[in-house]
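Biologist: Please take a close look at a single part of this model. Then work outward from there to the rest of the fold.

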Amino acid sequence: MGPMERIKCIGVLVLALACAPLASAQWARSEVDVVEVLPADPRLVWRGRFDRRDPSGPRCEWSGSSLVVRLRSAALNVKVSGNGNDRLQVIVDGTRREAFTPDKGVASYRVASGLPAGEHVVEIVKATEPLVGQLQFLGVSVPAGARVLPAAAPSGLKLELAGDSITCGFGNEAPDEKHHFTPLTENNTKAYGFL
C-alpha cells in the first residue's frame, strides 16, 4: 500500500470514529441547554448540607446531599463543577439510574431522557464522601416547552446519622472485600442511612 492509500485509509478511519455514537450516550455532555433554571430558584429543593455562600450555586462535600427537581418534561440536564472524582447518583421517580462521574471542571449532563408524558421527580445525589471532593451545582435545564414545578419541601423532621465511611457507603459497590477503595465503589444511596 502506497503513501496515498494509507492517508485515505487513515482519513476513513478518523471519519468513522468521529461519526460513531458515544458510548453511554445517556451520560454524554449535553451540548444545548434550552431553558435554564438557576440554583436560587425556589422550585428547586436542596437536601443535606450545602454551602450557599457562592451566588453561582451551592457546594456540597457530604455524601447524600442532593438536588430534587419536579418537572413536566421528557429530559433534564444538570450543570455541575467538580474535580473529576465524585460520583452522582440519579434517581428518577424513585428508581435508581446508573451513577456517573462528572468530568473535571464545569459541564452540563443529561441526567434524564425519554421520560413519558406527565410529572416526574428527579433527585441528583452526591454518592461519594467528603474525602473524594466537593461538587458545585450550577443549575438545571429542560427543553423548550417543558416546565419545572415546585418540588415538595422536606418535612420538619430530621434524622442524624453518626458514623464514618461505612455510613457513606464505603466499598458497597466493590465486587468483594479485597478491593481497595475508589470513588467508583462507593454509593451513599445504597448505604443503610439513605435507605
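Modeller: The answer below starts with one histidine, follows its contacts, and ends with the empty spaces and the whole chain.

Some ground rules come first. This is a predicted model, where local features need pLDDT of at least 70 and side-chain atom pairs count only at pLDDT 80 or more, while totals for chains, interfaces and linings use all residues. Residues are numbered from 1 along each chain as its sequence is written, and side-chain values use heavy atoms, with hydrogens and water left out.

Start at histidine 120. This residue is found in strand β9. Strands (E, at least two residues) and helices (H or I, at least four) are DSSP runs, numbered from the N terminus. Histidine 120 counts as buried because its relative accessibility is 5%. The cut-offs are under 20% relative accessible area for buried and over 50% for exposed, with partly exposed in between (1.4 Å probe, protein chains only).

Two polar partners sit at the histidine 120 side chain. The side chain of aspartate 93 makes a polar contact with the side chain of histidine 120 at 2.6 Å. The backbone oxygen of proline 116 also lies 2.6 Å from a polar atom of that histidine 120 side chain. A polar contact is a pair of N or O atoms within 3.5 Å; within protein, one must be able to donate a hydrogen and the other to accept it, and residues adjacent in sequence count only if both atoms are side-chain atoms.

Now widen the view. Beyond its neighbours within four places in sequence, histidine 120 is in contact (heavy atoms within 4.5 Å) with Val69, Arg70, Leu71, Ser73, Asp93 and Leu115. Follow Arg70 from that list. Arg70, Arg72 and Glu119 are linked in a network of salt bridges. A salt bridge is a side-chain nitrogen of Lys or Arg within 4 Å of a carboxyl oxygen of Asp or Glu.

One bridge of the network joins arginine 72 to glutamate 119, at 2.8 Å from N to O. The pair links distant parts of the chain, 47 residues apart: arginine 72 is in strand β4 (residues 66-72), and glutamate 119 is in the loop between β8 (104-112) and β9 (120-126). Arginine 72 is partly exposed, because its relative accessible area is 36%. Glutamate 119 is partly exposed too, with 40%.

Arg70 leads on to another loop. Leaving aside neighbours within four places in sequence, alanine 151 is in contact with Arg43, Val45, Val68 and Arg70. Alanine 151 lies in the loop between β11 (147-149) and α2 (165-168). At 13% relative accessibility, alanine 151 counts as buried. The C-alpha atoms of alanine 151 and proline 42 are 8.7 Å apart, although 109 residues separate them along the chain.

Arg43 brings in another bridge. The side chains of arginine 43 and aspartate 41 meet at 2.7 Å, N to O, in a salt bridge. Aspartate 41 counts as buried at 18% relative accessibility, whereas arginine 43 is partly exposed at 28%. A further bridge joins aspartate 51 and arginine 53, with their closest N and O atoms 2.7 Å apart. Here arginine 53 is exposed, with a relative accessible area of 73%. Aspartate 51 is partly exposed at 28%. The structure holds 10 salt bridges.

Next, the empty space. On a 1 Å grid over the protein atoms alone, a cavity is a set of points where a 1.4 Å probe fits but cannot get out; a pocket is an open set with protein on both sides within 12 Å along at least five of seven lines; lining residues have an atom within 4 Å of a point. Grid points are joined across faces, edges and corners, and a volume is the space filled by probe spheres set on the points.

There is 1 cavity of 30 Å³ or more. The largest cavity holds about 50 Å³. Its lining has 12 residues, with Glu36, Lys79, Gly139, Val140 and Ser141 nearest the centre. β10 gives the largest share, 4 residues. The largest pocket holds about 1,100 Å³. It is lined by 27 residues, and Gly48, Ser63, Gly64, Leu159 and Leu161 are closest to its centre. α2 gives the most to this pocket lining, 3 residues.

Last, the whole chain. It has 2 helices and 11 strands. Of its 195 residues, 39% count as buried. Among contacts with a separation of 6 or more, 72% join residues 24 or more positions apart.
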